[in-house]
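Work through the exercises below with the sequence and the 3D view side by side, and try each task before reading its solution.

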Amino acid sequence: MNIAAPLSVNIDVLFVFGLLFVTIGLFIWDRIRMDIVAMMVVVTLAVSGIISPAETVSGFGQSLIVMIAGLFIVGEGLFRTGVAAAVGSWILRMGGTNEKRLLLVLIPVVAGMSAFMSSTGAVALFIPVVLSICRTAKLQPSRMLMPLAFASLIGGMMTLIGTPPNMVASTQLQASGLTPFAFFDFTMIGGVILLVGTVYLVFIAPGLLPNTGVRESQHPTLKEFAERYSIEDNLYKLRVRKDSSLIGKTVSSALLRSRFEVTVFAIRRGGKLLSSLMPVLSETRIQGGDVLLAYGDADGIERLCVETGAMFFGFPDDERNRMTKEFGVAEVMLHNRSSMIGKTIKEGRFRERHNLSVIGILRDGKPLDVGFNRDALQFGDALLLAGGWRYIEALEDRQSFVLLETPSELVESSARWSHAPSALIIMIVMLGLMISGAMSSLTAILLAAMAMVLTGCINMNEAYRSLNASSLVLIAGMLPLALAMKKTGALDLVVDLLMNLLGQSTPVIVCGGLFILTSVLSQFISNTATTVLIAPIAIAIAQGLGMNPEPFMMTVAIAASTAFSTPIASPVNTLVMVPGNYRFIDFVKVGLPLQLMALFITLTITPMVFPF
C-alpha cells in the first residue's frame with residue numbers, strides 16, 4: 001500500500017482529516033441539520049480543489065440515491081393503502097392484554113416490516129398503535145416503545161433494502177469490482193440477532209426500563225391535555241364588545257400572538273349552542289359579540305382586554321367538556337423530516353397550512369412556557385393542537401408529524417383500502433425481481449415506485465412528500481468526502497493505522513475493531529454517513545490482509561444498525577423518547593447490552609456465512 005510522500009499531498013491529507021473531524025463534530029453537536037452539514041462538505045471540497053467539481057457532486061448521480069428514493073415511495077404506498085395499518089390491527093387481535101405476549105407479537109412484526117420499508121416509517125406508524133394497546137390493556141408505554149424502536153433497527157439488518165447502510169455496503173463492494181451482496185445475504189445474521197434480541201427485549205429489558213405509570217383506558221380529554229401541557233391555568237374565554245378594535249380583523253392581522261402572546265383557537269358565534277363553535281382559520285374575521293377561546297398568560301390577556309375592548313369571563317370546566325364534542329384536540333410529534341424543524345410556529349405558517357392552532361409544546365417531556373411562539377421547533381417536540389375534527393383528520397403530511405394521542409371521537413381510516421391488493425402485489429413482484437436477479441435492483445425499485453403511482457396507490461404529491469430529502473442529501477454529500485480521503489491518501493493512512501493496531505491479530509479481532517468503531521460512531525452521527533466513511537476502510541483493510549472483503553463489509557453494515565445506546569443514535573429512538581417518557585440513561589441501560597449481543601453474534605456467524 002503506497003502512501004504519497006510529497007508535502008503538498010500531506011497538506012491535502014491534513015485538510016481532509018480536518019474536514020472529517022469538523023464534520024463529525026458538527027454531527028455530534030447537532031445544532032446544524034445533518035443535510036446542511038453534508039452540503040457544507042460538498043461546497044468546501046469544491047472550493048478546495050482537492051477533487052474536481054464534477055466529483056464533488058457525483059454523489060447525487062449515484063444509483064444508490066435513486067434506489068433509496070424509490071424505496072421511500074414504495075413504503076409510502078404501503079402506508080397510504082392501509083396495508084401497514086392492517087398489520088397494526090392484527091397485532092391488537094393477536095396480542096391480547098398480556099405484556100410479554102404483545103411484545104412477542106409486536107417485535108417480529110415490526111422487524112419484518114422494517115426489513116422492507118423505512119424503519120422510521122414503521123415506528124411512526126406503530127407509535128399510536130402501541131399507545132392505543134397500552135390504554136386498552138392498561139400497560140406502561142415505557143415498557144413497549146423502546147422495544148418497538150429496537151425491533152425496527154434490527155429489522156433493518158435483515159435485507160438488502162432494510163436500511164441505507166446495507167445498500168451502501170453493497171454498492172461499495174460493487175464499486176470496488178467485487179460482487180455486491182444479494183437480497184437475503186443479511187438475513188442469517190440479522191435473523192439470529194432478532195431471535196436473541198426478542199428474548200432479551202421481552203424477558204430482560206422490561207426490568208431495566210423505567211416505570212412511568214399506566215395511561216388511562218380512554219383517550220385524554222381537553223382537561224387532561226391541559227394538565228399535561230401545564231396550560232390549565234392559561235385557558236380563557238373573552239367576549240368581543242360591539243366597539244372593539246378587533247372587529248373585522250383576522251387573528252393574524254390583529255397581531256394577537258406577537259403583541260400579547262395570546263393564541264385564539266376557537267370562536268363561539270351566534271348563540272350558546274355547541275354548533276356555533278368554530279375553529280379559527282387564517283381568513284376568519286372577528287365579529288362583535290364573538291366569544292373567543294384563547295390561550296395565554298394573565299398579563300397578556302389583561303393587556304389584550306384593555307387595548308382592544310374585549311371582556312374576560314373565565315373558562316369553566318363545563319366549557320371544556322362541551323368544546324371537545326365537536327371541537328377537538330390532538331397531540332402530534334415532529335418527525336425528523338418535518339419542514340417545521342428550525343422554524344417558529346409563525347414562520348412555519350401552521351394555522352395557514354393546517355387550519356389548527358398550537359396551544360402547547362412539550363420538549364424533552366417538559367412543557368414550554370406561554371412564550372413558546374418565539375422558540376424554534378425541534379425534532380421530537382410534541383405539539384398540542386386545537387381545531388375542528390375535520391382538520392385534525394386532514395393532517396395528511398405524515399412525513400412531518402407522528403400522531404400520538406387523539407380523543408376517541410377521531411377514527412382514522414384509509415381512503416384507499418381498495419388499492420391495498422395492488423400495493424401488496426407490487427411489493428411482492430419487486431422483491432421477486434430483486435431476489436431472482438431477473439432485473440437489477442435499481443430497475444426493479446424504479447418499476448415498483450412508478451407502479452405505485454400509476455395504480456393509484458399514491459399520487460405524485462404524496463410520492464414527492466415521501467422522499468426523505470435530508471437523508472438523500474446526507475448520503476450524496478458524504479460520498480465525495482470518502483472519495484477525497486481515497487484520492488489524497490488519507491484513507492491509506494487510516495488503514496495503515498488500523499493495520500498497525502490490529503494487523504497482527506486474527507481476522508475476527510480485526511472485524512471486532514471495525515464493529516466497535518462503526519457502532520460507536522453510529523451512536524452520535526448518522527449510521528448512513530458512518531457506513532459511507534468506514535466501508536472504504538474495511539475494503540482496504542481486507543485487501544491489505546489478502547482476505548475476502550465480504551465479512552468485513554458485512555460487519556460494518558450490521559454494526560451501523562446497532563444504534564441502540566443513545567436517543568440521538570437514530571430517528572426512531574428520538575421518536576419514542578417523549579411518548580415513552582425516557583431519559584438518556586434509559587437507552588444506555590437497555591441498548592448497550594443489546595449492542596454487545598449483536599457484536600458477539602456478528603463475529604460468530606459472519607465467518608460461517610462469509611469465510612475470510
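**Exercise 1.** Which backbone oxygen lies 2.5 Å from a polar atom of the side chain of T56? Describe the surroundings of T56 as well.

*Solution.* Bear in mind that the model is a predicted one. Begin with the place of T56, which is in helix 3, residues 53-56. The backbone oxygen in question belongs to P53, and it lies 2.5 Å from a polar atom of the T56 side chain. Next, consider accessibility: the relative accessible area of T56 is 2%, and because buried means under 20%, T56 counts as buried. Finally, once neighbours within four places in sequence are left aside, the residues in contact with T56 are V42, L45, A46, I51 and P480.

**Exercise 2.** Classify the ring pair formed by F150 and F587, and place both residues in the chain.

*Solution.* A search of the whole structure gives 10 aromatic pairs. In one of them, the ring centres of F150 and F587 are 6.5 Å apart and the planes stand at 65°, so this pair is edge-to-face. The pair links distant parts of the chain, since F150 sits in helix 8 (residues 145-156) and F587 in helix 26 (residues 584-609), 437 residues apart. Both F150 and F587 are buried, and together with F564 and Y582 they form one aromatic cluster.

**Exercise 3.** Summarise the protein chain: how many helices and strands does it have, and what percentage of its residues is buried?

*Solution.* Counting the elements gives 26 helices and 10 strands. Of the 612 residues in the protein chain, 57% are buried. As for contacts between residues at least 6 apart in sequence, 79% join residues at least 24 apart. The chain exposes about 24200 Å², of which carbon and sulfur atoms supply 61%.

Technical notes. Residues numbered from 1 in each chain as written. Predicted model: local features only at pLDDT ≥ 70, side-chain atom pairs only at ≥ 80, totals over all residues. Heavy atoms only, no water. Helix = DSSP H or I, 4+ residues; strand = E, 2+ residues; numbered from the N terminus. Buried < 20%, exposed > 50% of the residue type's maximum accessible area, 1.4 Å probe, protein only. Polar contact = N/O pair within 3.5 Å; in protein donor to acceptor, adjacent residues only side chain to side chain. Contact = heavy atoms within 4.5 Å. Phe/Tyr/Trp six-rings, centres within 6.5 Å; stacked < 30°, edge-to-face > 60°. Areas by Shrake-Rupley, 256 points an atom, 1.4 Å probe, with all protein chains shown as cover.
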